[in-house]
Amino acid sequence: MAGALRPLHIGELEIKLPIVQGGMGVMVSTAALAAAVAACGAAGTIAGVGLGYGTQENETDFPAASRKALIEEIRKAKAATDGVVGVNLLGALSNYDELVRTAAGCGADFIASGAGLPICLPQLTEGTDTRLIPIVSSGRAASIIARSWKKRYNRIPDAFIVEGPLAGGHLGFKKDEARAPAAGVLEGLVKEVLAVAGECAGRPVPVIAAGGVFDGKDAARFLALGASGVQIATRLVATHECSVAQEFKDRYISARAEDVVIIDSPVGLPGRAIRTPFVDRLLRGDREPFHCGYQCLKTCDPDTAPYCIAKALFNAVKGDLEHAVVFAGHNVSRVNEIVSVRELLEGFVAEAEVELAALA
Ligand SMILES: Cc1cc2nc3c(=O)[nH]c(=O)nc-3n(C[C@H](O)[C@H](O)[C@H](O)COP(=O)(O)O)c2cc1C
C-alpha cells in the first residue's frame, strides 16, 4: 500500500505504514480489529482494559479473568497476522503491573501506556523485546518520563504517542480545554514532544500524533511537521472488522457534532462521548447505582463514584445504548459509512501521499 509514505520504525520494529491504531477499551479494539489493521501494514493495538468483563470468572476473580482474556486476545491476533500488534494499558488500572507483565510475556510487540505517567514500565517489562511507548498530552510529561527512565533504567522511550484534545475516550486535558479545543493544539504539542525526543541521546525517538487525525491530509500535515506517524481510532470503529455491536457503529454514523459531549469519569479524567440516554442522565447530575465486585481503577472510589465506567463501556459494546457510554473522537460526526479496514487505510494512504507530494 505504501508509496511516498515512509515506514515507522519503533526500535527494531518496522511498521510499513506510519499509522498506529489507537487502543480502545473496553473491548472495542480486540484482536479482530488489531489483526485486521496489522495485516494492512499498520500497527494494531489490543486495548487491555476490561477484557475479562462479561465472563463468569470476572465476578469472582477479576484479575485472573482480565489476565486470561488478554493472553487469549494476543494469541488470536498473533495467529491471524505476522504484522505488528501491541497492547494499550491504562496506568489507572488496579491490575496494571500484572497486565503489563502479561502482555510483554506473551510477546506483545509494543505496550502503549497512558492515563498516568508510566514510570515503572521498563522495570515491569525487563528481559523482553516489547517496545515501550508512553502516551502523553504535554512536552512536560514526555520530559519527566524520559528523564526518569534515563536515570532509573538507562533507557529511553521507543516512541511517544502525543494525544491532543480532539481524541476520543479519556483525555489528559481540563474539561474546558476538551470542550472547546483551541485550533492547532496538537500541532503545538507535537513540536514540544519532538523537542524532548530530540534531547534523548542514543537513537531517534519517533513521535506519533493522535487525536482528530481524520484523513490522509491531516496525517500529511503532522508528518510534514516532523512526526514519524499518526494514531487513529474513531474511524476504525466504523469498520466491518471492529467487533462492537451494530448499535454502537450505528450511533457513530448517526452522531451529529452537537451530540458529542465531555463527561466526568471515575478514572479521574474527562472523557469524550456521544450522547445516549445514560450520558444525558449523567449530564443532569444523576447517579447510576452499581455493584462493584472488584475496584478495577486505582482512582475510583466505588462508594462515591456516580457510575461504573467499565460497566457503561461494556454496555456500549453489547449494544445496550440505554445504559452506555459510547466513547468517540471529536470528529465522529464526519463518519458516515461502515467500510473494511483495508478500504479505510487505502483511502487514507492515498490522500496522505497526494498531500505530501503537494507539500514537498
Ligand atoms: C471508543 C474509544 C475508546 C478509547 N479507549 C482508549 C483506551 O482504552 N486507552 C487509550 O489510551 N486511549 C483510548 N482511546 C483514545 C484512542 O486510542 C486515540 O488515541 C484517539 O481517539 C485518536 O483520535 P481519533 O479517535 O480522533 O482518531 C479511545 C478512543 C475511542 C474512540
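This text goes through the domains of the protein, the surroundings of its ligand and a loop with unusual backbone geometry. The model is predicted, so local features need pLDDT of at least 70 and side-chain atom pairs count only at pLDDT 80 or more, while totals for chains, interfaces and linings use all residues. Residues are numbered from 1 along each chain as its sequence is written, and side-chain values use heavy atoms, with hydrogens and water left out.

The protein is divided into domain 1 (8-244 + 336-359) and domain 2 (247-330), with bounds that come from an automatic or database domain assignment. The C-alpha centres of the two domains lie 22 Å apart. Across the boundary, 37 residues of domain 1 are in contact (heavy atoms within 4.5 Å) with 29 residues of domain 2. The size of an interface is often given as the accessible area lost when the parts come together. Here domain 1 and domain 2 bury about 3,000 Å² between them, counted with a 1.4 Å probe and summed over both parts. Carbon and sulfur atoms account for 68% of that area.

Both domains also take part in the shell around the ligand, each giving at least three residues. There are 21 residues around the ligand, where a residue counts if one of its heavy atoms lies within 4 Å. Gly-23, Glu-163, Gly-212, Gln-231 and Thr-234 come nearest. Strands β5 (85-90) and β11 (229-232) each supply at least two residues of the shell; strands are DSSP runs of E with at least two residues, and helices are runs of H or I with at least four, numbered from the N terminus. By class, the shell has 11 nonpolar, nine polar and one charged residues, with Gly counted as polar.

Oxygen atoms of the ligand make polar contacts, that is, pairs of N or O atoms within 3.5 Å. One lies 2.6 Å from a side-chain N or O atom of Glu-163. The backbone offers further partners: an N or O atom of Gly-212 at 2.8 Å, and a polar atom of Ala-233 at 2.9 Å. The protein covers 95% of the 610 Å² of accessible area that the ligand has on its own, by the Shrake-Rupley method with a 1.4 Å probe.

Most residues other than glycine have a negative phi, and most peptide bonds are trans. The loop between β3 (19-21) and α1 (31-39) holds Val-26, which a cis peptide bond joins to Gly-25, with omega about -10°. Met-27 lies in that loop too, and its phi is near 70°, a positive value.

How values were computed. Polar contact = N/O pair within 3.5 Å; in protein donor to acceptor, adjacent residues only side chain to side chain. Buried area = accessible area lost by both parts, 1.4 Å probe.
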